[in-house]
Amino acid sequence: MSSKKHIKIFLVYLLLSIIYFIKPLIEGKLLAIGDAFIEILPLKYFYKHEFLKDGLNLWIPYFFLGMPFVGLLQTGAFYPLNFIYFFLPVSYAFNFLFLLHYTLAAFFTFVYLKEISLKDYPAFIGGFLFGFSGFLILQKTHITVINTSIWLPLILFLYEKLKKEINIKWSILIAFVLSLQIFAGHFQMFVYSSMFVILYIFFLFLKVKRNKFLFYSFLPFVLAILLSLPQILSSYQLASYSVRANFPYRVFTEGALRPYFIIQSISPFIFGGGYAGKYWGPQFLKTTSWFISSFAFCLSLFTFLKIRDKEHYVLFFGITTVIFLILAFGKFIPIYKYFYHLPVYNKFRGTSKHLLECTFAIVVSFAYGLENILYNKEKNYLREFLKFFMAFILIFISILFIISSFLSDDKFKILIFTEESNKILLNYFSISLKNKAFIIPFSFMMLYMMVLGFIKLKKRISLMSFLFIIIFTEAFVFGYFHEKDLIRAKVKDIPQIFVEKPNKYFLNYLRKDTSIFRALIIEENLFPLFNIFAQINYLNGYDPLIIKNFHKLLDIRKNGVADFRLISNNILISLLNVKYIIVKKELEKLIENITYVDTPSKKTILEIPYIIHFQAVSKDTPHKIKRGIRIKANTFYLISAEIKGKANGAFTIDLFKWRPHYDNKEQQMWIPSDRIKEDSFTLFFKIINTGENAPQKVWLRIISYSTTPLEVKNIKLIELGTKY
């Protein structure tokens with residue numbers, strides 16, 4: 001195919017991308033939701049305005065105690081396509097790259113399908129289906145997943161070139177593209193797609209049967225790692241200290257695809273969401289759906305059953321679909337526990353991301369099937385598929401009918417479901433014109449049947465065009481209605497939406513000296529990284545690679561907001577150079593209680609340095625010890641202890657007196673079980689204010705509600721000073 005034709009195909013895909021997102025683009029809005037909006041966008045602003053300042057600015061100071069900018073893999077500091085940010089405003093560059101990556105996903109799939117000898121039309125449709133597949137469209141909140149995944153078909157294309165001409169130039173090109181995947185910002189997707197590529201290498205080796213081919217096939221992985229070594233080392237160093245280091249098995253298995261979610265390949269919103277209404281399924285829709293189209297899914301299955309013996313590519317992609325679908329099931333398959341012991345692989349969670357490989361494999365099989373329908377002179381192929389497709393539709397209807405009948409049975413309704421949940425389930429599984437989760441997919445199935453039924457007429461071009469219109473419409477209906485709140489801001493409002501509209505009243509004040517001091521957010525409705533636009537240093541923020549000890553110390557929540565109890569630790573926030581606290585009005589009194597403290601000298605009231613073993617008899621019978629001490633009224637004390645063990649219950653240290661009664665949660669250091677670790681001693685502490693009515697003599701109580709053994713040492717009560 002000529003380069004001019006390639007350019008035309010690329011431009012057509014770009015046009016389709018624009019049409020797909022035409023409404024928000026016409027409205028001048030930003031194509032970002034979720035993490036892409038609250039995290040990636042501010043980091044791109046830093047990338048544009050400060051990364052190249054005074055050479056390479058490798059440190060971002062604006063959240064936590066600073067973070068290594070390159071180590072934050074998702075910033076894509078060395079990803080070549082991100083260089084467009086240096087030439088365009090951040091918002092426009094973001095939108096352009098958003099559209100470009102969907103375009104490239106489709107185009108790379110097209111050139112790969114052409115390379116394995118498919119005709120233009122099946123290759124074009126296959127490219128579109130992968131570029132706008134459910135997997136990629138639903139990952140628009142995680143743009144680094146998209147940026148990494150789209151290079152997979154290009155890598156396979158280059159391996160096909162290597163198969164035909166075993167030359168080091170192809171190895172170098174493959175290495176470059178593999179390094180692009182690493183630089184793109186999602187190492188998990190690089191590893192997952194590399195697993196697919198390695199299987200593909202052995203598949204091609206069975207055809208070539210030359211050891212030289214194996215050498216030139218694996219050489220790119222070595223070269224790619226060397227090319228991207230600065231990124232890998234920086235990210236590895238940061239990750240080894242982060243909350244994502246050494247996942248327990250429970251976290252490793254999070255985000256696995258539930259086997260019954262396969263039905264979403266036919267009816268994507270059967271568990272709610274999109275055009276079907278409010279989502280009620282047990283998992284996030286964006287991590288479970290792999291919808292391509294009912295037609296494509298069915299044709300790929302039929303193609304595998306029909307021609308796998310004649311066409312080796314169909315056999316390979318059919319087998320790999322099954323392999324990676326099983327891996328996507330994760331913890332729901334018995335053998336998955338062994339994968340936890342695989343180096344590198346056990347650093348990731350969300351095995352449903354293996355749906356990338358499944359999606360691509362299905363698209364390739366579909367393209368082969370479509371070519372046979374359109375160009376195979378044996379008319380019985382089309383006839384047999386129509387029968388298969390009809391049976392497929394009937395099975396789909398039967399499944400819904402059986403589930404609906406099951407839910408309608410009064411016995412099961414009472415035993416399993418509440419009345420409210422039963423109504424929800426019946427609504428989504430009913431065969432009814434009111435049920436959009438059924439009627440919309442069913443309508444598209446009927447349209448496909450009609451087009452295929454007339455495909456043998458002379459006006460084939462018109463029918464082929466109509467077939468694409470249906471495919472595009474179905475993809476658009478799926479993607480557009482998945483996120484009705486797709487856009488949060490207009491392009492021209494960035495970064496003003498962060499630094500003017502919601503936060504203007506205190507920004508100018510904070511800017512004065514937060515280059516030296518830090519601010520702390522105790523607020524729910526602020527974007528956690530908006531301060532990057534405002535160039536204000538925050539103690540807290542949001543990033544998946546937050547340092548583990550820092551996370552434990554400050555108890556930063558997922559939305560980037562610090563727990564309000566941190567205010568009580570005025571020594572901690574002072575040590576971390578916090579001068580300003582952004583707080584809700586209802587917490588202002590708590591702030592006042594800890595602001596003015598006279599601390600001429602510290603005085604240790606009680607110290608137990610040796611290890612004490614705690615184990616509760618039962619959840620209702622905790623293990624307690626107590627020590628009599630003297631305290632002062634209206635005085636601040638520091639309670640601290642180091643604890644180690646596999647806790648299954650809370651641990652507390654408090655000040656207590658029966659008569660006169662003195663027992664207040666503000667005088668208590670309460671530690672939930674999930675904060676206590678079994679691998680090493682962890683320091684816990686809290687600053688308390690005894691209040692005006694504190695008695696002189698009290699008990700210091702140490703209580704464990706854990707029925708598993710705990711070790712506690714260095715228990716201290718230190719007098720800090722008196723409020724004045």
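In this predicted model, Ile521 of strand S3 stands opposite Ile582 in strand S4. The two strands, S3 covering residues 518-522 and S4 covering residues 578-583, run parallel and are joined by five bridges. Five of the five residues of S3 are buried, so this strand is largely enclosed by the rest of the structure. Within S3, the side chains of Arg518, Leu520 and Ile522 point one way, whereas those of Ala519 and Ile521 point the other way, and all are buried. Such an arrangement follows the general pattern, in which the side chains of a regular strand alternate between the two faces of the sheet.

A buried position is also found in helix H16, which spans residues 355-375 and contains Asn372. Asn372 counts as buried because its relative accessibility is 18%, the limit for this class being under 20%. A polar atom of the Asn372 side chain lies 2.9 Å from the backbone oxygen of Tyr368. When residues up to four places away in sequence are not counted, Asn372 touches Ile307 and Tyr381.

On the surface, by contrast, Phe83, Phe87, Leu88, Tyr92 and Phe96 form a nonpolar patch, with about 540 Å² of accessible area together. One of these residues, Phe87, lies in the loop between strand S2 (67-68) and helix H4 (90-115), and Phe87 counts as exposed because its relative accessibility is 67%.

Salt bridges, of which the count comes to 11, include one between the side chains of Asp120 and Lys5, with an N to O distance of 2.5 Å. Because Asp120 lies in helix H5 (residues 120-131) and Lys5 in helix H1 (residues 3-20), this pair ties together parts that are 115 residues apart in sequence. Asp120 is partly exposed at 26% relative accessibility, and Lys5 is likewise partly exposed, at 34%. Both residues belong to a network of salt bridges in which Lys5, Lys114 and Asp120 are linked.

Two further pairs may be described. The side chains of Glu165 and Lys169 meet in a salt bridge at 3.7 Å, N to O; Glu165 is partly exposed, with a relative accessible area of 34%, and Lys169 is also partly exposed, at 41% relative accessibility. In the other pair, Arg250 and Glu254 form a salt bridge through their side chains at 3.8 Å, N to O. Here Arg250 counts as exposed at 57% relative accessibility, whereas Glu254, at 29%, counts as partly exposed.

Notes: Residues numbered from 1 in each chain as written. Predicted model: local features only at pLDDT ≥ 70, side-chain atom pairs only at ≥ 80, totals over all residues. Heavy atoms only, no water. Helix = DSSP H or I, 4+ residues; strand = E, 2+ residues; numbered from the N terminus. Buried < 20%, exposed > 50% of the residue type's maximum accessible area, 1.4 Å probe, protein only. Polar contact = N/O pair within 3.5 Å; in protein donor to acceptor, adjacent residues only side chain to side chain. Contact = heavy atoms within 4.5 Å. Patch = residues over 30% accessible without salt bridge, like charges linked within 9 Å, V, L, I, M, F, W, Y side chains within 5 Å. Areas by Shrake-Rupley, 256 points an atom, 1.4 Å probe, with all protein chains shown as cover. Salt bridge = Lys/Arg side-chain N within 4 Å of Asp/Glu carboxyl O. Pairing = 2+ DSSP bridges.
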